[in-house]
Amino acid sequence: MVTILDVARAAGVSKSTVSRVLDERLPRSNSPAAERVRQVAAELGYVRDPLASGLRRSGTNTVGVIVPRLTDTVMAMLYEQIVSASADRGLFAVVATTEDRPETEDLAVQTLVRRRVDGLILTTARLGTPTAQGVPHALALRSDGIGPASVGDDHLGARLAVRHLLDHGHRRIALVGGPDYASSAQNRHAGYRQELHDAGLAVDETLIAGNAFSMESGELAGRTLLDRADRPTAVFAVNDNTAIGVMAAAHALGLTIPDDLSLVGYNDIPVVSRLPVPLTTVRVPFQQIATTALDLLRDSGRGNPPRTVTATPTLIPRRSTGPAPRT
């Protein structure tokens, strides 16, 4: 698909100039620059995305994005990709944070709707709880099991992580999980169980700990799992923050990664490749998820039935994983 950015580059003007020239709701400009933009757009076969015409007929060309918190690197990375994908369509993205609290989310939705955004992208969905009813919207990274959602294949990603550890000879593999209300955490938990089951291994429930996506939760879970005589030889953490917390717990207990403990995270945030022991992790295709979320938002504005689109993750092996210690 030819984007506004493609037209801008070929015409030698800014994206905002292209957006203004091709917006049929604005007075037509016959300046040389405007004529050049229209000529290039025609030559490239550019077609204006219907989303840019205003899903709610508000004419603001604005998409509201709701995230738990921007201090979470994952959410910041996704928001940046939504901003970029929106700009390519002549849209402007604004963000609101909720601290992952439903009552704050309701307020954020109401506030953005009052500001006449054309639609919403939410990363705060909770399983079984309908999100932003009555407003054109799409969910990203998480699903509520009801509305349109652009997510990663978290079940597959977890299986890739656990299979990697199994291939290194590990059999006592622990899980540091996330919150029960998040589909991403639940699907990664399910993938962990499925891969162990397919390997003929029983799930040891005492090797499962953690209930949040934070470093603090990861460190607390790490201490619980590792400060025992029969500690696991490997840990799969459902996101990179919790994996970093496990690293801190292992260091405090005098354990060396990967000699004493192998560790796999999830998301591939930038810092994990630059840790003293670079973290093996599962990379999530944030750009693809952001672009698809905008497509689903467009479909929502047209009244199309909701659907879920999954993007395929990739295992990124680094130095935090190695052979299981000999017993």
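Start at aspartate 268. In this predicted model, aspartate 268 is buried, with a relative accessible area of 12%. Buried here means under 20%, so the residue falls within that class. Its backbone also stands out: aspartate 268 is not a glycine, yet phi is positive, about 65°. Where does aspartate 268 sit? In the loop between E9 and strand E10, residues 281-283.

Now leucine 141. Phi there is near 70°, again a positive value in a residue other than glycine. Is leucine 141 buried or exposed? It counts as buried, because its relative accessibility is 12%. Leucine 141 belongs to the loop between strand E4, 137-140, and strand E5, 149-152.

One more backbone point. The peptide bond from isoleucine 257 to proline 258 is cis. Omega is near 10°. Proline 258 lies in a loop too, between helix H9, 240-252, and strand E9, 262-264.

On to the strands. Take E3, residues 119-122. Which residues cover its two faces? Gly119 and Ile121 are on one side, Leu120 and Leu122 on the other, and all are buried.

Who pairs with E3? Strand E1, residues 62-67, does, in the parallel sense, over four bridges. Within E1 and E3, valine 63 stands opposite glycine 119. E4 runs parallel to E3 as well, joined by three bridges. There, isoleucine 121 has alanine 138 of E4 as its bridge partner.

Back to leucine 141 to close. The loop that holds leucine 141 follows from E4 towards E5, and E4 is joined to E3.

Terms used
Residues are numbered from 1 along each chain as its sequence is written. This is a predicted model: local features need pLDDT of at least 70, side-chain atom pairs count only at pLDDT 80 or more; totals for chains, interfaces and linings use all residues. Side-chain values use heavy atoms; hydrogens and water are left out. Buried means under 20% relative accessible area, exposed over 50%, partly exposed in between (1.4 Å probe, protein chains only). Two strands pair if DSSP finds at least two bridges between them.
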